[in-house]
Amino acid sequence: MNEVSKDPKKANNGKADKPKVSRRKFLIGSAAVAGGVAFGAYFILRTPANPLLRDLGPGEAAITPFVKITETGITFIVPRADVGQGILSTQAHLIAEELDIDPGTVTLDPGQPHPIYVNAKIASNSLPFQPLDEGFVPRTVRDLMETVARVSGAQFTGGSSSVADLHEKLRHAGAAARETLKTAAAGRYGIPAASLATENGEVVFPDGRRIAYTELAADAALVEPVTDVELRPPERWRKLGTVFQRIDIVAKSTGAQRYGIDIELPDMLYAAVRANPGRGVSFDRYDDSVAREIRGVHVVVEVTDGLAVVADNTWRAFRAAAALDVDWQTPDYPASSEEMWRVLEDAHREDNIDSRLRDDGDVDEALDGADVVSAEYRAPFLAHAALEPLNATVLVEPDHVTVWTATQVPTAIRDAAAEMTGVGKENVTLHVLPAGGSFGRRLDHDYVVQAIEVAMSVPGTPVKTTWSREADMAHDFPRPFHMARARGAVSGGRVVACDIDTISPSLSASWFGRVFIVPPGPDTLIVWGAYDQPYAIPHYRVTGYKAPEVVPIGSWRSPGACSNSFFHEAFLSELIAAAGVDPLEERLRLISDPTSRRVLEAVGEMCSWNGPDIGAGRGRGIAFAHSHHVPVAEVVDVTVTDRGLRIDDVWIAADCGTVFDPVNAEAQLTGAAIWGLGHAMNCELTYENYAPLQTNYHAFQGMRLYQTPRFHTKLLEQAPAVAGLGEPATAPAAPALADAIFAATGQRLREMPFNRFVDFA
Amino acid sequence: MPLLWVLRDELGIKEPKYGCGIAQCGACTVHVGGSPVRSCQLPVGSVWSDVKTLSGLGAGGALHPLQTAWIEHQVAQCGYCQSGQIMQAADLLARNPNPSDADIDAAMSANLCRCGAYPRIRAAIKAAAASMRGGE
Ligand code: FES
Ligand code: FES
């Protein structure tokens, strides 16, 4: 941390106030560059005031909301949470590329929650338009949704949106800081700024002399920041796009990395939670006499959904929580998976139609009298089960609340802490810590709310509330269960009709309702990954049906697409088989979007595609998805062994526009595919007595190392827009695997997890 | 009380992680008397020999070849499982300087990585094995 002391003697020095004024002017000026002024809504779209200015001391410069320079060091504000996907390092490298500095020499600070760091992309990405549609209406409405995100101050990390949202802002911040430092140096020595260069954290003079950025901090604070900067074209990048070392890699390889769960504070207490295994209701009565007798137990606290125990270490808190004797209230949703599936099936009714965002040709006429192919598909509830169980540490003081946790929604936490304790939002300090995974779970902040409740019972003492793995599994907001009924027809060796009804509870209503506000209009997540695919099937319809919520649900790595892509591609594969044509060639025939075609062609070349038949006892499958703004094609090879099916090789081709960090990009592609494959193979949450039966990793495994195939990946950079890679490769993994299993065994798998029907080695 | 919680909450040694508490993930793996142990399962009273965690793995303050390979291959994503992974891999290489794919699968498959860093875990173990053999 580069906190520079706020010396009261210097605070009244007139110099200190002046730059603050000019900084604000700059920020408003730069809004036209970063935000784009539209609809005359200038007051909404202008960039909010730079939050770094509030705490700035004299002689310190916060040239943009992302870069702070003092005499003792440089800090980058990297507002998107790193939940394991490497975005911390990527954000730092984006700024550093333009600022000409080694990001390893800079302090990285996630910053405090602030509207300036809103994620506008995520809001506009959830709209009911084809992602490839750049027509006037979609563009305008996308802009509007970005505006809504700014107004509601939704600062969050998700939807693979970080790179798309930030890559220009951060490079612009680096360039603005660089040019302002040059102006400051030019002013001090009376030479033109154009004659100066920058390198390695220093301004370089024509005669070779150098001066460190930090030495220029005081001067930079006094000059008008330079905002009219051009970003360097990719040909001039020195580090971006090349193989470079992830900033946190040494810490994560040596054990030095600290996560939320590792926080240790003086006089800290430790808490565990015992919540109703059913959702949305609490207890009728409890007896804590045994629990309170356990050594080290301080207090038993009533919290949302249940009880918590505060003790002198985590283990004792766990044991005491387990020793509570509680009678739980009964939730008001169906008790078992069987009943829940019936609710979903029953929701397939005309009056539950939520959207029909794809309706090409005349499906009804095309299917009338045709030899109709039909099938039903299912995807189960799934837990996130990040390896670090959820936890948060909170200190409640009379006029201040401090929170230490890993989160993707910092503004929601700040607001909740202020509301619960009655302190002003400005008196909430949030330390966003590295996460041991998330996969969408940390888009909810229920665990932080609970930790605040616990800490409020012991004011003045910091308390770390840690969920046991069992609590983490029981109190997840799982991926919704989802089903589809599909009908289609082929003619003359071509797919001519495809009609998909996809049925699920509304994730948008459930999640947005908990964390922000329920957005108006249809829930595109019910149909995402199905309605928005670039196929030109002559008669092509996708209808979304909104089912009752049943249990509260959450975003899970590639929401919507993780289920719909399976339904869509698996059914397309059935149609292509009925047409008797090659799965790759037929997909290429049906797709005209050049970016999508290129990834299909690339994956075909990589695996020397020659059809699904690759020899006796083996099979090759293919699937394509346009997921989270990235076209991805995957090919999977499997072999039937005497111990079950083995996945041998997986080929992935994707196009994310620009690859800033190729090493991390490859890790995201393979990680997302392993996520998709592993859960399709063996994971589900099944409910009995209102709660999931799967309580720990023995019953919820995902892929293990011995099952991991060889990966072959290729990233293209020809897509028109930049997109993130945390999620896209998940979507086509399950259907490609199902397709390979069909090629090897002749068995169609229409329901996940596949190990209900076949064995895996 | 299990060794894991004594290390983490009483001694402030945070490299071994809590992931499952029931010997299903390997995040808590440490060495006791040179052998890999799931510290969430071992009562502290039953610890029979010296305990070693990741930061003590390298000889004389240097990085262990596995740590170097983990850095070079940029294995970690969230990194939460990696302390356990490296401790487990160190035991494999101590017993078997030239592990085959099947040996690696057998030794490492009880260590869960929810991020799916498995391909690089494999590659890094092979690289570390090669460098350790070269250095002998
Ligand atoms: S925490 Fe010990 S094996 Fe998972
Ligand atoms: S790197 Fe995240 S669990 Fe392994």
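# Exercises on a predicted model

In this predicted model, helices α18(A) and α19(A) are roughly perpendicular to each other.

**Exercise 1.** Find at what angle helices α18 and α19 of chain A pack, and which residues make the contact.

*Solution.* Step 1: two packed helices are described by the angle between their axes and the distance between the axes. Step 2: α18 of chain A covers residues 561-579 and α19 of chain A covers residues 583-590; they pack at about 105°, with axes 10 Å apart. Step 3: angles of 65 to 115 degrees count as roughly perpendicular, and α18(A) and α19(A) are therefore in that class. Step 4: α18(A) contributes A:Glu569, A:Leu572, A:Ser573 and A:Ile576 to the contact, while α19(A) contributes A:Pro583, A:Glu586, A:Arg587 and A:Leu590. Step 5: sorted by class, this contact has 4 nonpolar, 1 polar and 3 charged residues.

**Exercise 2.** Describe how the side chains of strand β18 of chain A point, and which way β8(A) and β15(A) run beside β18(A).

*Solution.* Step 1: in a regular strand the side chains alternate between the two faces of the sheet. Step 2: in β18 (residues 463-466) of chain A, A:Val463 and A:Thr465 point one way, A:Lys464 and A:Thr466 point the other way, and all are buried. Step 3: strand β8 (residues 269-275) of chain A runs parallel to β18(A), joined by 3 bridges; A:Leu269 has A:Val463 as its bridge partner. Step 4: strand β15 (residues 391-397) of chain A pairs with β18(A) in the antiparallel sense over 4 bridges, and A:Val394 stands opposite A:Val463.

**Exercise 3.** Work out which parts of chain A are tied together by the salt bridge of A:Asp100 and A:Arg238, and whether each residue is buried or exposed.

*Solution.* Step 1: side chains of opposite charge can pair when their charged atoms come close. Step 2: A:Asp100 and A:Arg238 form a salt bridge at 2.6 Å, N to O. Step 3: A:Asp100 lies in the loop between α4 (87-99) and β4 (107-109) of chain A, and A:Arg238 in the loop between α8 (217-220) and α9 (249-254) of chain A, so the pair ties together parts 138 residues apart in sequence. Step 4: A:Asp100 has a relative accessible area of 4% and is buried, whereas A:Arg238, with 51%, is exposed. Step 5: both residues belong to a network of salt bridges that includes A:Glu98, A:Arg178 and A:Lys182.

**Exercise 4.** Classify A:Arg292 and A:Asp288 as buried or partly exposed.

*Solution.* Step 1: these residues form a salt bridge, with their closest N and O atoms 3.1 Å apart. Step 2: A:Arg292 has 47% relative accessibility and counts as partly exposed. Step 3: A:Asp288 has a relative accessible area of 13% and is buried.

Notes. Residues are numbered from 1 along each chain as its sequence is written. Chains are lettered from A and ligands numbered from 1 in the order in which they are written. This is a predicted model: local features need pLDDT of at least 70, side-chain atom pairs count only at pLDDT 80 or more; totals for chains, interfaces and linings use all residues. Side-chain values use heavy atoms; hydrogens and water are left out. Axes are lines fitted to C-alpha atoms, for helices over the stretch in contact, and angles run from 0 to 180 degrees between N-to-C directions. Helices (H or I, at least four residues) and strands (E, at least two) are DSSP runs, numbered from the N terminus. Angles under 35 degrees count as roughly parallel, over 145 as roughly antiparallel, 65 to 115 as roughly perpendicular and the rest as oblique. Contact means heavy atoms within 4.5 Å. Ala, Val, Leu, Ile, Met, Phe, Trp, Tyr, Cys and Pro count as nonpolar, Asp, Glu, Lys and Arg as charged, and the others, Gly among them, as polar. Buried means under 20% relative accessible area, exposed over 50%, partly exposed in between (1.4 Å probe, protein chains only). Two strands pair if DSSP finds at least two bridges between them. A salt bridge is a side-chain nitrogen of Lys or Arg within 4 Å of a carboxyl oxygen of Asp or Glu.
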